[in-house]
Amino acid sequence: MKHCIVIGGGIIGLCSAYYLHKEGHKVTVIDKSDFSSGASHVNAGIITPSHIVSLAAPGMINKGIKWMLSSTSPFSIKPRLDYDFLQWTWLFKKSATPKKVATSIPVIKNINLFSRDLYEELKASNDFDFHYQHKGLMMYYKTDKMGEEEWNVGKLAIKEGLKVEHLTKEETQKLEPNIDLNIKGAVYYHSDAHMTPNEFMIKMKSYLEENDVTFLANEEVIDFQISEGKIKSINTKNTIITADDFVLTTGAWTQKLAKKIGINIPLQAGKGYRINVKRETGIHIPAILTEAKVAVTPMNGFTRFGGTMEIAGINSQINTKRVNTIANAAENYYNGLQINQQERKDIESGLRPCSPDGLPYIGRLSKIENVTVAAGHAMMGWSLGPATGKLVSELITDKKTSLDISPFNVERFN
């Protein structure tokens, strides 16, 4: 049995702690917050085998530049004279090629399906109960051009073995009879599921605490003590902690923290926003409003509308124009839906950790043998939580990993 320190208390950190605990290890989870905020609590909660095309798709840089000056665009890149940002942008551009995207498609699909299966195992285990529904995902579109683009992706997914249908508006409306859709049609992925993230996070943490996993809140790691190719201890603002193994699940802050141990892990924070509507909306199947890039999820007791990918560094500023863009898009796709001013004001944001090639970093370091990194999941962090946690536990327990993790090599850009 090892004593493992998991640094970072988001979905990746908690799932890593869960599977390490199941392997019999002693686990401590530390976070600079109180474990009640961040991207893991405000995301769309969708498990996404459908999202087979990575963020680093051809044309995304050009779109980011085109939308750069727009305060309402769904994707924006704010230029900065910062070496890490410039390096990331260059690597993103190099990764956004048809060949690299095609190579990553089965990798993304397989880890998403693996993670969905693990969520279903968790649900069946009765360790703790949580909201989980497997109803698929609708890609709603309003124009023929977008419909064609979405169906082209759908056909790629069919080749990968996923069940996908191209539906007319009338066929879609039959599946969602309690709402009035203002769309031309939909591409329907049967593979996807959805959850209520903040509920799951609370219940997972409670389960872990009841099973002797230690949680240290408001403890920011400020330094590492390294000797003979190993981390011996970590320094926080309040204490020194020793352990056998250390797991970095620090999301958008991973690059900054990794530099303290001499490793460069290119990452940029991608800010997203969420609006919760706690009134009955009639929405029962999760959807992406494709032209607006807005996600819609019926959760336990409310409907969540979320969106935007704002590459603008680590900050918590709320852009009300982007919030209103999400709300207005929702009202435009769902006739009769109204998101009031109080709901628009009750906004939260989260920072998604985006790697340059759209693939997460999962693996050991070559120079420091007792460090495992699990970060860079971008918009798939929630979807890939259990898969990543399972892989982390297998690495630390010296087991053969359930998936080939070479595409997630932590040092692939060094």
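In this predicted model, Met 138 has Tyr 188, a residue of strand β9, as its bridge partner. The strands behind this contact are β6, which covers residues 137–141, and β9, and the two pair in the antiparallel sense over 5 bridges. Strand β9 has a further antiparallel partner in strand β7, residues 164–168, to which 5 bridges join it, and here Leu 167 stands opposite Ala 186 of β9.

How many of the 5 residues of strand β9 are buried? Strand β9 spans residues 185–189, and 5 of its 5 residues are buried, so the strand is largely enclosed by the rest of the structure. In a regular strand the side chains alternate between the two faces of the sheet. For β9 both faces are covered, since Gly 185, Val 187 and Tyr 189 on one side are buried, as are Ala 186 and Tyr 188 on the other.

**Two open sheets**

Strands of a sheet pair through backbone hydrogen bonds, either parallel or antiparallel. One open sheet of this model is built from 6 strands in the order β11-β2-β1-β15-β23-β22, and its pairing is mixed. At its edges stand β11, residues 214–216, and β22, residues 361–364; each has a single partner strand, so one side of each is left without a neighbour in the sheet. Neighbouring strands of this sheet are turned against each other by 15 degrees on average, with direction ignored. The edge strand β22 runs antiparallel to strand β23, residues 371–375, and is joined to that strand by 4 bridges. Within this stretch of the sheet, Tyr 361 stands opposite Ala 375 in β23.

Another open sheet is formed by 3 strands in the order β12-β13-β14, with antiparallel pairing. Its edges are β12, residues 221–227, and β14, residues 240–242, and each of them has a single partner strand, so that one side of each is left without a neighbour in the sheet. From one strand to the next, the twist averages 25 degrees. Strand β12 is joined by 6 bridges to strand β13, residues 230–236, and the two run antiparallel; Val 221 has Thr 236 of β13 as its bridge partner.

**Aromatic rings**

A search of the whole structure finds 13 aromatic pairs. In one of them, the ring centres of Tyr 18 and Tyr 207 lie 5.8 Å apart and their planes stand at 45 degrees, so the pair is tilted. This pair links distant parts of the chain, because Tyr 18 belongs to helix α1, residues 11–22, and Tyr 207 to helix α8, residues 197–210, with their positions 189 residues apart in the numbering. Both rings belong to residues that count as buried, Tyr 18 with a relative accessibility of 5% and Tyr 207 with 8%.

Another pair brings together Tyr 119 and Phe 200, whose ring centres are 5.8 Å apart and whose planes are at 75 degrees, so the pair is edge-to-face. Here too distant parts of the chain are linked, with Tyr 119 in helix α5, residues 98–125, and Phe 200 in helix α8, 81 residues apart. Tyr 119 counts as buried at 0% relative accessibility, and Phe 200 is likewise buried, with a relative accessible area of 0%.

Ring pairs also join residues into a cluster, made up of Tyr 18, Tyr 19, Tyr 119, Phe 128, Phe 130, Phe 200, Tyr 207 and Trp 382. One member of this cluster, Phe 130, also has a lysine over its face, as the table shows together with a second such contact.

| Lysine | Ring below | Distance to ring centre |
|---|---|---|
| Lys 123 | Phe 130 | 5.2 Å |
| Lys 205 | Phe 215 | 5.0 Å |

**Cysteines**

A disulfide is a covalent bond between the sulfur atoms of two cysteines. The structure holds 0 disulfides. Why is Cys 4 without such a bond? The closest cysteine sulfur to that of Cys 4 belongs to Cys 15 and is 15 Å away, which is too far for a bond. Cys 4 is also buried, with a relative accessible area of 0%. Cys 354 is in no disulfide either, and its nearest cysteine sulfur, again that of Cys 15, lies 19 Å away. Like Cys 4, Cys 354 is buried, with a relative accessible area of 0%.

Conventions. Residues are numbered from 1 along each chain as its sequence is written. This is a predicted model: local features need pLDDT of at least 70, side-chain atom pairs count only at pLDDT 80 or more; totals for chains, interfaces and linings use all residues. Side-chain values use heavy atoms; hydrogens and water are left out. Two strands pair if DSSP finds at least two bridges between them. Axes are lines fitted to C-alpha atoms, for helices over the stretch in contact, and angles run from 0 to 180 degrees between N-to-C directions. Rings of Phe, Tyr and Trp (its six-membered ring) pair if their centres lie within 6.5 Å; planes under 30 degrees apart count as stacked, over 60 as edge-to-face and the rest as tilted. Buried means under 20% relative accessible area, exposed over 50%, partly exposed in between (1.4 Å probe, protein chains only). A charge sits over a ring if NZ of Lys or CZ of Arg is within 6 Å of the ring centre and within 35 degrees of the ring normal. A disulfide is a pair of cysteine sulfur atoms within 2.5 Å.
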